[in-house]
Amino acid sequence: MTMRPQAPDLSELRRRTSVKWRAYPADVLPMFVAEMDFELAPVVADAMVEQIRASDVGYAGGAGSVGDAFAGFAQRRWGWDVAPADVRLTTDVSVVIVEALRVAISPGDRVIITPPVYPPFFELIPEAGGQVCEVPLRCDENRSWSLDLAGIERELAAGARAVLLCHPHNPLGLIHPVDDLVALADLARQHGAVVISDEIHAPLVHPGREFTPFLATGEAARQVGVAAHSASKGFNIAGAKCALMIAASGTMRSMLDRQPEEVGVRTSIIGRAGTAAGFAKGDAWLDATLEVLVSNIGLLSDWLEAELPEVRLHRPAASYLAWLDFRATDLGDDPAAAILEKGRVALHSGPAFGLAGRGFARLNVGCSPELLRAGLEGIQRAVR
């Protein structure tokens with residue numbers, strides 16, 4: 001039986017040197033950045049340590065066993081058939097996005113994003129030479145979010161050359177329905193555009209929820225799509241610098257072949273070892289982690305209903321990120337700023353996700369229940 005993942009106590013966590021634990025003073029509880037507090041899966045830690053003990057820390061020079069490991073993982077978790085040879089490596093998903101865009105668009109081309117969305121998207125597109133084109137998600141009267149396919153079609157017809165998809169969507173934890181993905185692929189093919197699907201949170205799809213990778217939705221998606229995957233969120237190794245870039249058609253493979261060789265060479269061989277181990281042997285640890293995350297989301301939901309009913313939770317279907325609606329409070333457009341000042345809890349600022357994020361903040365529940373309760377008490381102090 002796999003033990004539930006453990007988070008060290010707060011004093012030990014504060015000895016960590018990642019940005020989560022160094023960005024704010026010691027009296028601030030950090031719940032902003034997308035990394036979990038849990039100790040690494042033993043199979044992942046062992047693989048990375050073994051790589052070091054063997055003094056095998058040279059240049060990666062290829063995907064190693066990651067293609068086979070990920071192909072098995074994708075089939076087990078999502079029923080997606082991936083050819084191991086189609087798996088290319090680079091440092092992280094942001095690099096997958098930038099380097100795929102560099103060969104997919106011409107300088108000045110517009111690239112569609114769907115706010116509220118992962119803040120670096122606004123910077124990655126200009127880095128690749130493109131211009132940001134915003135088509136915000138739709139939010140209906142039931143507070144249900146979805147792609148604005150009509151808006152995307154208008155922008156593609158007006159000349160946008162690519163769509164940067166977030167699936168599952170950060171910060172909402174939204175899994176886009178298959179019908180929407182099929183429609184998006186058809187629109188991209190009709191207008192000669194490319195879809196880059198950031199699927200970094202896919203390993204963290206909650207039990208009972210169905211996730212279909214973009215490239216698994218049909219031939220149109222394979223003709224226009226590139227998928228970005230990583231073990232960095234699911235197995236909590238964001239700093240290990242290994243991500244996957246996947247194309248599944250001759251057209252898209254040829255496009256990626258135009259990238260410089262250095263895009264792959266920069267991959268960390270230590271990260272590659274941890275990635276292969278996680279995807280090949282980490283299912284039990286991942287399932288146990290998901291149980292903890294779903295329990296924490298339930299704790300969050302119940303606590304808000306009892307203590308802060310004016311704060312609304314968009315319940316995620318994936319990941320450990322919670323999108324909180326503070327618009328019924330007096331905290332203004334950027335609730336995270338007030339919560340940091342008055343509650344000494346660091347959340348991710350809603351407006352950083354685009355104008356649609358005004359009045360919202362993102363909370364990370366990838367921690368112990370005790371730490372989550374402490375964070376919620378800080379939020380309550382700020383609201384009250």
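Visitor: What classes of residue line the largest pocket, and how many are there of each?

Guide: In this predicted model, the lining of the largest pocket has 18 nonpolar, eleven polar and seven charged residues. The lining comprises 36 residues in total, and Ala34, Glu35, Lys233, Ala238 and Gly239 are nearest the pocket's centre. Of these five, Glu35 and Lys233 count as charged, the two alanines as nonpolar and Gly239 as polar. The space in the pocket comes to about 800 Å³.

Visitor: What makes the largest cavity a cavity rather than a pocket?

Guide: The test is escape: a 1.4 Å probe fits at the points of a cavity but cannot get out, whereas a pocket is open. The structure has three cavities of 30 Å³ or more, and the largest of them has a volume of about 40 Å³.

Visitor: Which residues line the largest cavity, and how many of them are charged?

Guide: The lining consists of Pro168, His169, Asn170, Pro171, Gly173, His201, Ala318, Ser319 and Leu321. None is charged; four are nonpolar and five polar. His169, His201 and Gly173 belong with the polar residues, because anything outside the nonpolar and charged lists is polar, Gly included.

Visitor: Why are H4 and H12 called roughly parallel?

Guide: Helix H4 (residues 66-78) packs on H12 at an angle of about 30 degrees, and the axes are 8 Å apart. Angles under 35 degrees count as roughly parallel, so H4 and H12 take that name.

Visitor: What hand does the crossing of H4 and H12 have, and which residues make the contact?

Guide: The crossing is left-handed. From H4 come Val66, Ala69, Phe70, Phe73 and Arg76, which meet Arg272, Thr275, Ala276, Phe279 and Ala280 of H12. By class, that contact has seven nonpolar, one polar and two charged residues. Arg76 and Arg272 are the charged pair, because Arg is on the charged list.

Visitor: How do H3 and H12 pack, in angle and in distance between axes?

Guide: Helix H3 (residues 42-53) and helix H12 (residues 269-281) pack at an angle of about 145 degrees, with 8 Å between their axes. Their crossing is right-handed. On the H3 side the contact is made by Val43, Val44, Ala47, Met48, Gln51 and Ile52, and on the H12 side by Ile269, Ile270, Ala273, Gly274, Ala277, Gly278 and Lys281.

Visitor: What is the make-up of that contact of H3 with H12 by class?

Guide: Nine residues are nonpolar, three polar and one charged. Gly274 and Gly278 fall among the polar ones because Gly is counted there, and Lys281 is charged because Lys is on the charged list.

Notes:
Residues numbered from 1 in each chain as written. Predicted model: local features only at pLDDT ≥ 70, side-chain atom pairs only at ≥ 80, totals over all residues. Heavy atoms only, no water. Axes fitted to C-alpha atoms, helices over the stretch in contact; angles between N-to-C directions. Helix = DSSP H or I, 4+ residues; strand = E, 2+ residues; numbered from the N terminus. Left-handed = near helix turned anticlockwise from the far one by under 90°. Contact = heavy atoms within 4.5 Å. 1 Å grid on protein atoms, 1.4 Å probe; cavity = no way out; pocket = protein on both sides within 12 Å on 5 of 7 lines; lining within 4 Å. Points joined across faces, edges and corners; volume = space filled by probe spheres on them. Parallel < 35°, antiparallel > 145°, perpendicular 65-115°, else oblique.
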